[in-house]
Amino acid sequence: MSCYECARSGRTTEAVAVCRVCGAAVCLEHVRTESVVMRGTAQPGEVIHDRPARRMTCPVCRAAEQA
Ligand SMILES: [Zn+2]
Ligand SMILES: [Zn+2]
């Protein structure tokens, strides 16, 4: 699969990720990654784990979310 953003500008670059919002394939240059902490449910006697998860989006969706 080729990067959608690169394809729009006439280039063909192999995609390394898929935007989880719109499903567009994006290359390493165009992918936007962020860490989201998933807080586990606290059970009595258990340690609360803050697990960092990865969220990958394309530049368009990232910009839309920040607007
Ligand atoms: Zn690209
Ligand atoms: Zn997207």
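**Close-up 1. E5 and R8 sit about one helical turn apart in helix 1 of this predicted model.** Helix 1 covers residues 4–8, and the two residues are 3 apart within it. Their side chains meet in a salt bridge, with N to O at 3.5 Å. The partners differ in exposure: E5 is buried, with a relative accessible area of 12%, whereas R8 is exposed at 56%. A search of the whole structure gives 4 salt bridges.

**Close-up 2. A salt bridge joins E29 and R11.** The closest N and O atoms of this pair are 3.9 Å apart. E29 lies in the loop between strand 2 (25–26) and strand 3 (32–39). R11 lies in the loop between helix 1 and strand 1 (17–18). The pair therefore ties together parts that are 18 residues apart in sequence. E29 is exposed, with a relative accessible area of 52%. R11 is partly exposed, at 39%.

**Close-up 3. R55 pairs with E34 in a salt bridge.** Here the closest N and O atoms are 3.2 Å apart. R55 belongs to strand 4 (residues 50–57) and E34 to strand 3, so the contact ties together parts that are 21 residues apart in sequence. R55 is buried, with a relative accessible area of 19%; the cut-off for buried is under 20%. E34 counts as partly exposed, at 26% relative accessibility.

**Close-up 4. E65 joins E34 and R55 in a network of salt bridges.** This view takes in the pair from the previous close-up. R55 and E34 form a salt bridge, and the network links E34, R55 and E65. Within it, R55 is the residue of strand 4 and E34 the residue of strand 3.

**Close-up 5. Four protein donors hold the zinc ion (ligand 1): C3, C6, C27 and H30.** The cysteines C3, C6 and C27 each donate through SG. H30 donates through ND1. The donors lie 1.9 to 2.3 Å from the zinc ion. Angles among the 4 donor atoms run from 107 to 112°, and the site is tetrahedral.

**Close-up 6. The zinc donors follow the spacing C-x2-C-x20-C-x2-H along the chain.** C3 lies in the segment before helix 1, and H30 in the loop between strand 2 and strand 3. This pair of donors thus ties together parts that are 27 residues apart in sequence. Both C3 and H30 are buried. The loop that holds H30 also holds E29, the salt-bridge partner of R11.

Methods
Residues are numbered from 1 along each chain as its sequence is written. Chains are lettered from A and ligands numbered from 1 in the order in which they are written. This is a predicted model: local features need pLDDT of at least 70, side-chain atom pairs count only at pLDDT 80 or more; totals for chains, interfaces and linings use all residues. Side-chain values use heavy atoms; hydrogens and water are left out. Helices (H or I, at least four residues) and strands (E, at least two) are DSSP runs, numbered from the N terminus. Buried means under 20% relative accessible area, exposed over 50%, partly exposed in between (1.4 Å probe, protein chains only). Donors are N, O and S atoms within 2.8 Å of the metal (3.2 Å for Na, K and Ca); water is not among the atoms, so sites may look incomplete. Four donors count as tetrahedral if all angles lie between 85 and 135 degrees; four count as square planar and six as octahedral if opposite donors are over 155 degrees apart and all others between 65 and 115; anything else is irregular.
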